[in-house]
Amino acid sequence: PPLLDASDELPAYRARSEWVLDEDSSEWVYVYSTKRELDNFSAAGIEPLLKVGQTRLHYSRRIAGQSTSSASNSPILCVLAYRVRHSQQLESAIHK
């Protein structure tokens, strides 16, 4: 199945770097943070809080859903996204 329908707009939460490690998969592992965290890193070298997620939807849709429920008053930015197989197992391994 297509990752996005032809009628879908360009996702608002595109990753700065997007990698396809498995052409046949529609699962994603992605790394994201808030704009404030990344700005603090750029300006003052403060290590940003990075979060890792996984989804069987396109990652931009998942992040869009998370951005509406975020307590942060700073926009969410996707830093990296990888299209992979077994995204749940990979996310678990990253967190260990």
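This report walks through the fold, the sheet, the core and a few individual residues of a predicted model.

**Overall picture**

The protein has three helices and four strands, and read from the N terminus they come in the order β-β-α-β-α-β-α. Of its 96 residues, 32% are buried. The accessible surface comes to about 6400 Å², with carbon and sulfur atoms holding 51% of that. Take the contacts between residues at least 6 apart in sequence, and 76% of them turn out to join residues at least 24 apart.

How far can you trust it? Mean pLDDT for the protein is 82, and 83% of the residues reach 70 or more. Among the elements, E3 has the highest mean pLDDT, at 93, and H2 the lowest, at 81. The part to treat with care is residues 1–8, where pLDDT stays under 50. For that stretch the model has 10 contacts beyond four places in sequence.

**The sheet**

The four strands make one open, mixed sheet, ordered E1-E4-E2-E3. Strand E1 (17–20) and strand E3 (51–55) sit at the edges, each pairing on one side only. On average, neighbouring strands are turned by 20 degrees against each other, direction ignored. As usual, strands of a sheet pair through backbone hydrogen bonds, either parallel or antiparallel. Here is how the pairs line up:

| Strand pair | Sense | Bridges |
|---|---|---|
| E1 and E4 | parallel | four |
| E2 and E4 | antiparallel | eight |
| E2 and E3 | antiparallel | five |

If you want to check the register by eye, some partners help. Val20 stands opposite Arg83 in E4. Going across from E2 to E4, Val29 faces Tyr82, and Tyr30 has Ala81 as its bridge partner. Towards E3, Val31 is bridged to Val52, while Tyr32 stands opposite Lys51.

**Strand E2, covered on both sides**

Why is E2 described as largely enclosed by the rest of the structure? Eight of its eight residues are buried, so the strand is largely enclosed. In a regular strand the side chains alternate between the two faces of the sheet. In E2, one side carries Glu27, Val29, Val31 and Ser33, the other Trp28, Tyr30, Tyr32 and Thr34, and all of these are buried.

The helices fit into this picture. Helix H1 (residues 35–44) packs on the sheet, where it touches E2 and strand E4 (76–84). The direction of H1 makes about 65 degrees with that of E2. Helix H3 (residues 87–95) lies across E2, E3 and E4, and it runs at about 165 degrees to E3.

**The nonpolar core**

The largest nonpolar core has nine residues: Ala15, Trp28, Tyr30, Tyr32, Tyr59, Ile63, Ile76, Cys78 and Ala81. E2, helix H2 (59–69) and E4 are the elements that give two or more residues to it. Two of its members, Tyr30 and Ala81, are the bridge partners from E2 and E4 met above.

**Around Glu27, His86 and Ser87**

Glu27 is in strand E2. Is that glutamate buried or exposed? Its relative accessible area is 15%, and because buried means under 20%, Glu27 counts as buried. Leaving out residues up to four places away in sequence, Glu27 touches Thr55, Arg56, Tyr82, Arg83, Val84, Arg85, His86, Ser87 and Gln88. The C-alpha atoms of Glu27 and Tyr59 are 8.4 Å apart, although the two residues are separated by 32 places along the chain.

One of those contacts, His86, sits in the loop between E4 and H3. Its phi is near 60 degrees, a positive value in a residue other than glycine. Most residues other than glycine have a negative phi.

Next comes Ser87, which lies in helix H3. Ser87 counts as buried because its relative accessibility is 0%. Beyond its neighbours within four places in sequence, Ser87 is in contact with Glu27, Trp28, Val29, Gln54 and Thr55. Glu27 and Ser87 thus appear in each other's contact lists.

Technical notes
Residues numbered from 1 in each chain as written. Predicted model: local features only at pLDDT ≥ 70, side-chain atom pairs only at ≥ 80, totals over all residues. Heavy atoms only, no water. Buried < 20%, exposed > 50% of the residue type's maximum accessible area, 1.4 Å probe, protein only. Contact = heavy atoms within 4.5 Å. Areas by Shrake-Rupley, 256 points an atom, 1.4 Å probe, with all protein chains shown as cover. Pairing = 2+ DSSP bridges. Axes fitted to C-alpha atoms, helices over the stretch in contact; angles between N-to-C directions. Core = buried A, V, L, I, M, F, W, Y, C linked by side-chain atoms within 4.5 Å. pLDDT = per-residue confidence, 0-100.
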